[in-house]
Amino acid sequence: MHRLAWALADGHVVAKRNIIKIVRVPEVLVFVLISPIMFVLLFAYVFGDSIPIPGVDYREFLMAGIFTQTVIFGATFTGAGIAEDMQKGIIDRFRSLPMSRSAVLVGRTASDIVYNLLSIAIMALTGLLVGWRIRGSWLDAVGGFVLLLVFAYAFSWIMAYVGLVVPSVEVINNASFIVIFPLTFIANTFVPLENLPGPLRTFAEWNPVSAVTLAAREAFGNTSEAFPAPDVWSMRHPVAYALLWVGIILAIFVPLSVRRYRRSGS
Amino acid sequence: MEGTIRASGLVKRYGEVLALDGLDLEVPQGTVLGLLGPNGAGKTTAVRILTTLLQADGGRAEVAGVDVFEDPSAVRERIGVSGQYAAVDEHLTGFENLDMVGRLYRLGRRRARLRARELLDRFDLADAADRPVKTYSGGMRRRLDLAGALVAEPTVLFLDEPTTGLDPRSRLGMWDILRELLSQGTTLLLTTQYLEEADQLADEIVVIDHGRAIARGTADQLKAQVGGERVELVVRVPEQLDAARSVLQTVSLGDVQVTPHAHALSAGVTGGADALMEVLRRLDTAGVGLLDVGLRRPTLDDVFLTLTGQHAEPATGDPQAPDEHTTEVA
């Protein structure tokens with residue numbers, strides 16, 4: 001069989017193992033699912049009436065942002081999972097087997113899609129309860145969810161690399177906060193770009209997080225004629241810009257992580 | 001030629017520290033080499049290099065006819081490894097662990113399952129097969145880990161301190177399992193801190209210290225060098241010290257050692273428990289009363305004392321001194 005086919009077959013075996021663990025340690029899952037619910041409720045009720053968006057209810061505007069932020073935070077899980085594996089004896093078993101050298105990473109990033117799917121589902125339900133509605137076509141909405149998952153998958157590979165370099169779960173959790181909070185806040189996730197001051201606004205306009213959020217927002221029909229996207233390329237073509245970033249991230253971090261994994265332990 | 005291990009001039013550096021300093025090893029097909037040394041001697045480093053987990057800084061190595069540095073993935077297809085720390089997943093069941101390993105050895109779904117059940121039966125884990133490994137005892141984890149190493153029926157097996165940390169009963173159980181394996185002609189490289197373990201299982205022993213082999217030979221040759229077993233006894237009344245000494249002299253290999261203020265004597269013997277029984281019979285006939293008597297087998301420490309003139313110093317980790325080497329018959 002081809003090398004790629006083996007990477008997928010072995011990755012599937014590793015992913016299955018990770019998914020069994022999701023079921024066996026449900027405490028983790030509970031926290032993963034509670035934090036997005038908390039975010040939806042906090043933002044909807046605390047900021048709900050203080051941030052006016054022309055033509056759109058803030059709660060509808062908010063949901064795409066919450067989705068994006070949560071799936072990006074979900075990547076922290078990938079890093080923590082890899083770091084935990086690297087500390088344990090099981091990694092020696094994997095490394096002594098004639099399996100694909102990328103399978104541990106392929107399997108981990110794949111099984112974390114399940115986490116993100118679950119948290120998106122929980123968030124969507126919570127959103128519906130506080131008044132969020134999908135105003136466009138269902139097909140577009142599905143496209144929006146798929147884009148969120150694809151972007152989250154790419155981001156998982158960044159955190160997988162971090163998990164290999166910093167093999168400590170605590171450090172990863174703290175370090176990722178420092179990076180992910182600014183990245184998801186200096187964007188159109190919770191406030192309109194127009195509200196941001198000059199340099200921050202430029203950063204936000206080219207922030208891939210903004211592109212993913214805007215693309216999802218448009219896919220869910222949570223935008224308005226009265227509130228057009230800023231006139232920059234990234235915001236005019238958010239899907240293309242987001243996918244461009246997905247490609248760049250994967251092209252850099254997949255080979256980087258696999259090489260790092262091979263050399264680990266030496 | 002299929003199942004041999006050959007290594008020459010292995011060197012591994014960790015910064016300033018030379019973990020391996022030109023180690024040579026040769027394990028012929030179907031034999032067992034015991035790599036004996038204290039903590040930090042380089043045993044684990046050697047195993048990790050030979051099993052492709054670690055890259056060497058120098059030397060050559062060949063396992064099962066394959067160059068370890070040229071073609072590590074071909075080596076992985078032919079070997080089984082079980083390490084000092086059980087390489088099993090705590091949250092999976094015993095069956096799921098072995099099934100996963102079987103799939104990753106690419107046995108296919110059906111054969112992986114079959115093999116997992118077979119090994120669980122053989123290692124007395126069938127009852128615990130569907131329980132998460134975190135509920136297993138230390139001995140059960142080790143057996144499961146060893147089963148993992150055997151999934152693909154490797155021709156060459158590496159076991160890194162398979163009984164370290166196990167209680168004496170689990171250790172004996174592990175030895176039985178290993179003996180049965182060896183009767184099937186598996187080539188084995190075994191590391192251990194226990195001379196007795198190497199003696200029980202290995203055809204040849206290499207004593208390693210600071211990354212270098214400091215002695216090699218069969219267990220008998222090594223024991224002959226360190227002086228083998230000793231009978232140690234304490235007489236009830238000091239007046240019988242002389243009588244006890246003349247009895248011991250009849251079985252002793254060398255001079256009988258006497259420690260008068262402790263009323264103690266010791267003598268080198270061969271034949272283990274049989275020799276001890278003979279001593280007891282003769283002492284009984286001579287009417288010598290005893291406070292304590294025992295058979296003391298040589299330990300790694302004795303080997304080191306003889307070979308290097310120094311005690312076996314653990315460079316790292318727990319300086320555990322297992323006392324089950326002394327068989328008390330008090």
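A residue counts as buried when its relative accessible area is under 20%. The model on screen is predicted, and the tour starts inside chain A.

**Stop 1: Val40(A)**

Select Val40(A), which sits in helix α2 (residues 26-47) of chain A. Its relative accessible area is 0%, so Val40(A) is buried. Now show what surrounds the residue. Apart from its neighbours within four places in sequence, Val40(A) is in contact with Leu62(A), Met63(A), Ile66(A), Met123(A), Thr126(A), Gly127(A) and Val130(A). Add Leu129(A) to the selection: 89 residues separate Leu129(A) from Val40(A) along the chain, and their C-alpha atoms are 10 Å apart.

**Stop 2: Asn116(A)**

Move to helix α5 (residues 103-129) of chain A, where Asn116(A) is found. Is Asn116(A) buried or exposed? Its relative accessibility is 4%, and therefore Asn116(A) counts as buried. Leaving out residues up to four places away in sequence, Asn116(A) touches Thr70(A), Val71(A), Gly74(A), Leu149(A) and Ala152(A). Select Tyr153(A) as well; from C-alpha to C-alpha, Asn116(A) and Tyr153(A) are 9.1 Å apart, with their positions 37 residues apart in sequence.

**Stop 3: the two cavities**

Two cavities of 30 Å³ or more are counted.

For the largest cavity, select Arg17(A), Lys21(A), Glu84(A), Asp85(A), Lys88(A) and Ile90(A), then Val88(B), Asp89(B), Glu90(B) and His91(B); these residues form its lining. The volume is about 60 Å³. Colour the lining of the largest cavity by class and the result is seven charged residues, two nonpolar and one polar. In chain A, α1 (3-24) and α3 (58-87) each contribute at least two residues to the lining of this largest cavity.

The second largest cavity has a volume of about 40 Å³. Its lining is made of Ile90(A) and Arg93(A) from chain A, with Ala87(B), Val88(B), Asn97(B), Leu98(B), Val101(B), Leu144(B), Asp145(B) and Gly148(B) from chain B. Three helices each supply at least two residues of the lining of the second largest cavity: α4 (90-96) of chain A, and α3 (94-104) and α5 (138-150) of chain B. By class, the second largest cavity is lined by six nonpolar, two polar and two charged residues. Ile90(A) and Val88(B) appear in the linings of both cavities.

**Stop 4: chain B as a whole**

Hide chain A and zoom out. Chain B has eleven helices and 15 strands, and its C-alpha atoms fill a box of roughly 75 × 45 × 35 Å along the principal axes. Chain B has 330 residues, of which 50% count as buried. Among contacts in chain B with a separation of 6 or more, 69% are between residues 24 or more positions apart.

Colour chain B by domain next. The domain assignment gives domain 1 as 5-223 and domain 2 as 226-328. The C-alpha centres of the two domains of chain B lie 34 Å apart.

**Stop 5: helix α8 of chain B**

Select residues 219-226 of chain B, which make up helix α8. Which residues of this helix are buried? They are Ala219(B), Leu222(B), Lys223(B) and Val226(B). These buried residues lie on the same side of α8(B), because they cover an arc of only 95 degrees around the axis. Turn the view to the other side of α8(B), where Asp220(B) and Ala224(B) are exposed.

Now show what covers the buried residues of α8(B): the cover includes β3 (32-36), α7 (195-201), β9 (204-209), β10 (212-217) and α11 (300-308) of chain B. After α8(B) comes Gly228(B), with a positive phi near 65 degrees.

**Stop 6: two positive phi values outside glycine**

Most residues other than glycine have a negative phi. Two loop residues of chain B are worth selecting here.

Arg106(B) has a positive phi, near 65 degrees. Arg106(B) lies in the loop between α3 and α4 (109-122) of chain B. With 27% relative accessibility, Arg106(B) counts as partly exposed.

Asp124(B) is not a glycine either, and its phi is positive at about 60 degrees. Look for Asp124(B) in the loop between α4 and α5 of chain B. Its relative accessible area is 63%, so Asp124(B) is exposed.

How values were computed: Residues numbered from 1 in each chain as written. Chains lettered and ligands numbered in written order. Predicted model: local features only at pLDDT ≥ 70, side-chain atom pairs only at ≥ 80, totals over all residues. Heavy atoms only, no water. 1 Å grid on protein atoms, 1.4 Å probe; cavity = no way out; pocket = protein on both sides within 12 Å on 5 of 7 lines; lining within 4 Å. Points joined across faces, edges and corners; volume = space filled by probe spheres on them. Helix = DSSP H or I, 4+ residues; strand = E, 2+ residues; numbered from the N terminus. Nonpolar A, V, L, I, M, F, W, Y, C, P; charged D, E, K, R; others polar. Domains from an automatic or database assignment. Buried < 20%, exposed > 50% of the residue type's maximum accessible area, 1.4 Å probe, protein only. Arc of directions from axis to C-beta. Contact = heavy atoms within 4.5 Å.
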